[in-house]
Amino acid sequence: MDKIPMTPSGHKTLSEEYRRRTAEDRPKIIADISEARAHGDLSENAEYHAAKEQQSLNEGRIKELESLLALAEIIDVSKISGPTIKFGATVKLIDEDTEAEKSYQIVGDAEADLSKGRISISSPIARAMIGKEKGDSVEVAAPGGAKTYEILDVKFV
């Protein structure tokens, strides 16, 4: 399988979520199942079924995190430099239609969070920006039609 690029902070966040789910959530869910089981007839026990569903969701996420962490290729962004946009770059853009400025950091799929300005390297806008430099224009196919951005700045922080 291919390695999954990840920043050190993204790896730390996923590792912490894995620790919490295995050390805190798992024992609590097991206790909830035991308590619900003590209430009697399991066929009509909503608490039991809810706890079992929660256990299933938690175990599924734990498996997903194990896979992500095993395949992680941690890339220290502070050691990257250069004028071209690549993984880890923080890019400041201006929408050529609305003049709105935006800033995004290009990160791995598992750590992308648009509300924090972190976009996935496999997103259309990131793919369009890879290899470009400050001053270049980028056209991105969006659901509402093509958008054009000008790259104002590229930093590796």
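This is a short dialogue on reading the strands of a sheet in a predicted model.

User: Before I look at the sheet, what kind of model is this, and how are its residues numbered?

Analyst: The model is predicted, with local features needing pLDDT of at least 70, side-chain atom pairs counting only at pLDDT 80 or more, and totals for chains, interfaces and linings using all residues. Residues are numbered from 1 along each chain as its sequence is written, and side-chain values use heavy atoms, with hydrogens and water left out.

User: In what order do the strands of the open sheet lie, and which are the edge strands?

Analyst: Strands are DSSP runs of E with at least two residues, numbered from the N terminus, and two of them pair if DSSP finds at least two bridges between them. Here five strands form an open sheet in the order 5-4-3-7-6, with mixed pairing. Strand 5 (118-120) and strand 6 (137-142) are the edge strands, since each pairs on one side only.

User: How many bridges join strand 3 to strand 4, and how many join strand 3 to strand 7?

Analyst: Strand 3 (residues 90-95) pairs with strand 4 (residues 101-107) in the antiparallel sense over five bridges, and lysine 92 has serine 103 in strand 4 as its bridge partner. Strand 3 also pairs with strand 7 (residues 145-155) in the antiparallel sense, over six bridges, and valine 91 stands opposite valine 154 in strand 7.

User: What do strand 6 and strand 7 form, and how many residues lie between them?

Analyst: Strand 6 and strand 7 form a hairpin with two residues between them. Their pairing is antiparallel over six bridges, and the bridge partner of serine 137 is glutamate 150 in strand 7.

Definitions and conventions: Helix = DSSP H or I, 4+ residues; strand = E, 2+ residues; numbered from the N terminus.
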